[in-house]
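Student: I have just opened this one and would like a guided tour. Could we go through it together?

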Amino acid sequence: MKIIYKAPLIGSVLLGAVTFNTGCKSYDDIASHYSSKHIKANKNLVKTQIPETGELGYIVLALTEAGSNYVNTNSPYYDEVVKHFSTFKNHKVVEMLNEDLKENPEFFSHFRNGLYAFTVNKHDKVVLKTDYRIDLNRVDFRRYTSALNDFMEDSKFREFYTAHKDFYSKIEAAQNQNLTMTAAWNSVGQNKKYTKPFQSYQVIVSPLMKGETSTLSVSGRGFSECLIFAESADKVLASANRIANNETAENR
């Protein structure tokens with residue numbers, strides 16, 4: 001399956017459309033606990049994002065030995081990650097994830113998916129969002145959130161994430177350009193498991209992401225959304241570089 005939508009600045013252009021390869025894998029790692037506020041804010045919305053908890057998970061993954069096949073190592077951003085975090089390769093959470101990946105290579109899909117249900121609160125702690133549940137996830141997040149909180153503090157992860165926020169924003173903007181509800185459904189709907197369009201699409205990316213795209217359906221209170229974990233690192237990085245170069249040229 002391919003995710004196809006109009007975004008002429010990103011990746012391979014074919015009649016104004018961009019394609020993402022995807023294996024159409026789908027899990028039940030997140031369930032809904034939707035509030036009226038969440039439904040109102042996300043209805044008829046298609047949006048790309050680099051969530052803080054998701055990037056935290058990918059950076060931890062990048063420090064493991066067993067997760068190397070899931071990480072895009074061919075970028076200056078990866079080099080920056082290694083430079084900042086390499087001294088934490090023996091951190092508890094890195095060792096935990098490395099061992100779990102050795103036992104089951106697909107563990108990271110559940111870990112990454114589940115992290116979308118989390119956020120970082122004002123006390124700098126990883127906590128579950130009020131609008132999601134993780135009852136069926138295979139990961140023991142009570143164990144992991146404690147270790148992730150320690151890693152965030154020890155490695156000064158939030159300082160690194162904040163310092164790169166402008167970079168992340170450029171990637172998100174490049175992906176969001178001309179994204180439409182119809183185009184998202186035309187791609188996701190190729191998975192025969194889905195029988196009708198969703199009311200919201202959240203496209204989750206990371207500069208470190210590598211591997212086939214997967215989707216996750218979440219619904220409740222008459223509202224449905226599709227989370228799309230898109231294998232897109234090379235495309236979004238290339239696009240972000242184009243945007244930066246164009247801005248530089250315009251400012252001359």
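Here is a short conversation about the fold, two helices that meet, and the spaces inside.

Student: Happy to start with the overview. How many helices and strands does the chain have?

Tutor: Keep in mind that this is a predicted model. Of the 252 residues in the chain, 52% are buried. As for its elements, the chain has 10 helices and 11 strands.

Student: Among contacts between residues at least 6 apart in sequence, what share joins residues at least 24 apart?

Tutor: Start with contacts in the chain between residues at least 6 apart in sequence. Then keep those that join residues at least 24 apart, and the share is 74%.

Student: Is H2 mostly covered or mostly open?

Tutor: Let's go through the residues of H2: the buried ones include Glu52, Glu55, Leu56, Tyr58 and Ile59. A residue counts as buried when its relative accessible area is under 20%. By that cut-off 11 of the 11 residues in H2 are buried, so the helix is mostly covered.

Student: How are H5 and H6 oriented to each other, roughly parallel or roughly perpendicular?

Tutor: Two packed helices are described by the angle between their axes and the distance between the axes. Here the axes of H5 (residues 107-115) and H6 (residues 141-155) come within 12 Å and cross at roughly 70°. Angles of 65 to 115 degrees count as roughly perpendicular. That is why H5 and H6 are roughly perpendicular.

Student: Which residues of H6 meet H5?

Tutor: On the H5 side we find Phe107, His110, Phe111, Gly114 and Leu115. By class, the contact has six nonpolar, two polar and no charged residues. The partners in H6 are Phe141, Tyr144 and Leu148.

Student: Now the largest pocket. Which residues lie nearest its centre?

Tutor: The largest pocket has a volume of about 430 Å³. Its lining divides into eight nonpolar, six polar and seven charged residues, and helix H1, strand S5, helix H2, strand S6 and helix H8 each supply at least two of them. Of the 21 lining residues, those nearest the centre are Lys47, Gln49, Pro51, Tyr116 and Lys129.

Student: And how much space lies in the largest cavity?

Tutor: A search of the whole structure finds one cavity of 30 Å³ or more. Residues lining the largest cavity include Pro51, Gly54, Tyr58, Arg112 and Tyr116, and by class the lining has seven nonpolar, two polar and one charged. The space in this cavity is about 60 Å³.

Definitions and conventions
Residues are numbered from 1 along each chain as its sequence is written. This is a predicted model: local features need pLDDT of at least 70, side-chain atom pairs count only at pLDDT 80 or more; totals for chains, interfaces and linings use all residues. Side-chain values use heavy atoms; hydrogens and water are left out. On a 1 Å grid over the protein atoms alone, a cavity is a set of points where a 1.4 Å probe fits but cannot get out, and a pocket is an open set with protein on both sides within 12 Å along at least five of seven lines; lining residues have an atom within 4 Å of a point. Grid points are joined across faces, edges and corners, and a volume is the space filled by probe spheres set on the points. Helices (H or I, at least four residues) and strands (E, at least two) are DSSP runs, numbered from the N terminus. Ala, Val, Leu, Ile, Met, Phe, Trp, Tyr, Cys and Pro count as nonpolar, Asp, Glu, Lys and Arg as charged, and the others, Gly among them, as polar. Axes are lines fitted to C-alpha atoms, for helices over the stretch in contact, and angles run from 0 to 180 degrees between N-to-C directions. Angles under 35 degrees count as roughly parallel, over 145 as roughly antiparallel, 65 to 115 as roughly perpendicular and the rest as oblique. Contact means heavy atoms within 4.5 Å. Buried means under 20% relative accessible area, exposed over 50%, partly exposed in between (1.4 Å probe, protein chains only).
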